[in-house]
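Q: Please examine one part of this model closely, namely its sheet, and then relate that part to the rest of the assembly.

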Protein chains: 2
Amino acid sequence: MQRYTPAQLQALVEKIFIKAGCSGSHAAIVADMLVSAELRGIPSHGLMRVKDYIGLWQKGRMNMQPQVKVVHETLSTATVDADMAPGMIAGKYAMELAIEKALQVGSGWVAVRNSNHFGIAGYYTMMASSKDMIGFAMTNANALVAPTFSLDRMLGTNPIAFSIPGKEEPVFTADFATTPIARGKLELMEKQGKESPQGFVQDKDGIQTTDPSVLRRGGAILPLGGDYQHASHKGYCMGAMVDILSAILSGANFGPFVPPQVAYLDPRPDAPGAGLGHFFGAIRIDGFRPAEEVKLYMDKWIRTFRAANASAEAERVVIPGEPEIAKEKDYKENGIPVMPQVWAELVATALGIGLSENDLNN
Amino acid sequence: MQRYTPAQLQALVEKIFIKAGCSGSHAAIVADMLVSAELRGIPSHGLMRVKDYIGLWQKGRMNMQPQVKVVHETLSTATVDADMAPGMIAGKYAMELAIEKALQVGSGWVAVRNSNHFGIAGYYTMMASSKDMIGFAMTNANALVAPTFSLDRMLGTNPIAFSIPGKEEPVFTADFATTPIARGKLELMEKQGKESPQGFVQDKDGIQTTDPSVLRRGGAILPLGGDYQHASHKGYCMGAMVDILSAILSGANFGPFVPPQVAYLDPRPDAPGAGLGHFFGAIRIDGFRPAEEVKLYMDKWIRTFRAANASAEAERVVIPGEPEIAKEKDYKENGIPVMPQVWAELVATALGIGLSENDLNN
């Protein structure tokens, strides 16, 4: 697979978003977030998304010149209206605001409405952890998940991320969907002619199936846990909590009304809210005791868990965030591998909005 | 099964804790929390616990005359030292402090150390929701759970609760452990001679088993999700997040060091922190937009999810908190059923610390 430097990818993506009307600084934010996803080994939230974002812009569903603004606030809380921005423009603005409030009063919590797909949640939480804060970030997403006992898709894969800094140990970052599997992995199984394991999806009658293509015929992804016996209601509760914090506080769309983040699927005409919603939080660790004490104790946590006896499945217990840090180191040194079809799509998208081959090469 | 009025149970539990040295107001708090657990249909966190609490007190591990106090704070954060109190004394104090901070600056976040078992997490979150706030509550617990790829028990069942008020609809309360099953249910399966379903427990070699007694022979409960293929690492992340927020910020014990909440199991001599830890949060819903708007929109969320088409397994999709509200209504009208052995233990505990039959009947 062809590899590219982060700077090469950054430059290309910036050009595309500037051509679509973004300011230079906004284009740089979008590009940085997408390249960061690639660096962390999460290509589903990386370059693949450029085509979708541009498609949403062409349909008038993404605003490349947004006026992102605070519409309501207290000393430690705020609601931000994203003006249909790319989610990362709104997300970075909102997390910076949360951090600023935390500097002032110890913590900051910001809900966002009228937004779009915001990339990887862990990007935002690490903005906080780099300032000796705990970061929280979550977003709702278009409905693919059936709550326990539901035939209907009512929730997105609704990820949640959490970062806390260590002293000598690297930052702990948990960043996970509230489902056992992402849609992209089901599509991959289908392409490869594989069955999906039990506990991932149900058909239109609510019966579990191993057919990875069932989402196209009224099926749904199950919440984390799988079925009721295995406590899928707890996965449902987590997904619901993310949806409520992201949408109910801000006035974004919730559950089944969340707008799809691809141009070929239309938003629901009866959607009661504004765009897609996110929720961000930052808490100063020295709001509880001296930062040094917290970070040294976090090191001890990490070392204790890393030293647990491991099963035959793995060398050792994984500390959340470590695999992504290793990947980032590798890709920064050796370049980021990009699948040929993703690269081809990216170039086609660039040419499609009026950039020339010459633009791409300079 | 014999039924008792909430007032009867409240009076008996108060007498026991007063006899053990609690002030009248502290005894009333402990009793109210335990009776609330019974009313909500969670007897594992109700009267059954009295024997354990008294046992911890008799071993000098629970302080019935605690000086609970704030040891560090900012406008929106604080750490509370529980002075080895029964967890509900510290928990109620901490949640009241979080609510007070939220009234002042929009949100409040309180970490607690040096505490004990705190009852049902949802009790605290409903303290916040009754004041038009979102409530968060979580606690760590003694280690029974093996993280993904671990042979060792490193985490407790670490529950998390979340409440948000509706306008006409009842409060939404999710209150759930971050595991597919609680220890108590495994014990029940064992007593009934039943096998445990796949995906609940592993043996000492990390192999899944259906033997519900395996915890007594080096086994462990699995995180929510079950195995790695089914994304148990996401359940591990959730349990870890609860542990970190409860212990790392406050300086309580984390993971494998959390003291067991029964007198017959000793705390680890190498425990690096202070007691068990909790974490509480309160956010004013009008910190984001007018409370009325948020509550009406929450009603819409609840009605939308309730109206989802249901599978053959159930009449309809369950809104988190609804079953507990129905149970509470039933038990308030018809009395709380108490298992004969639980009642006998309660009476034996009371007599064992010097109350007389006469005391119990008046």
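In what order do the seven strands of the open sheet of chain A stand, and what is the pairing?

A: This is a predicted model, in which local features need pLDDT of at least 70 and side-chain atom pairs count only at pLDDT 80 or more, while totals for chains, interfaces and linings use all residues; side-chain values use heavy atoms, with hydrogens and water left out. Residues are numbered from 1 along each chain as its sequence is written, and chains are lettered from A and ligands numbered from 1 in the order in which they are written.

In chain A, seven strands make up an open sheet with the order 2-3-4-11-5-6-7 and mixed pairing. Strands are DSSP runs of E with at least two residues, helices are runs of H or I with at least four, and both are numbered from the N terminus; two strands pair if DSSP finds at least two bridges between them. The edges of the sheet are strand 2 (69-73) and strand 7 (172-176) of chain A, each with a single partner strand, so one side of each has no neighbour in the sheet. From one strand to the next, the twist averages 15 degrees. Angles run from 0 to 180 degrees between N-to-C directions, with axes fitted to C-alpha atoms, for helices over the stretch in contact.

Within the sheet, strand 5 (residues 133-139) and strand 11 (residues 276-284) of chain A run antiparallel and are joined by seven bridges. A:F136 of chain A has A:G281 of strand 11 opposite. Strand 11 of chain A also contains A:F279, while A:W109 belongs to strand 4 (residues 107-115), so their aromatic pair ties together parts 170 residues apart in sequence. This pair is stacked, at 6.1 Å centre to centre and 25 degrees between the planes. Rings of Phe, Tyr and Trp (its six-membered ring) pair if their centres lie within 6.5 Å, and count as stacked under 30 degrees, edge-to-face over 60 and tilted otherwise.

Helix 5 (residues 121-129) of chain A lies across strands 5, 6 (160-164), 7 and 11 of chain A, at about 160 degrees to strand 5. Contact means heavy atoms within 4.5 Å.

Beyond the sheet, a rotation of 180 degrees with 0.0 Å of shift along its axis superposes chain A on chain B, with RMSD 0.0 Å. That is the relation of a two-fold axis. Copies are superposed by least squares on C-alpha atoms of residues with pLDDT of at least 70 in both. The C-alpha of A:G225 comes closest to the rotation axis among the residues of chain A, at 2.2 Å.
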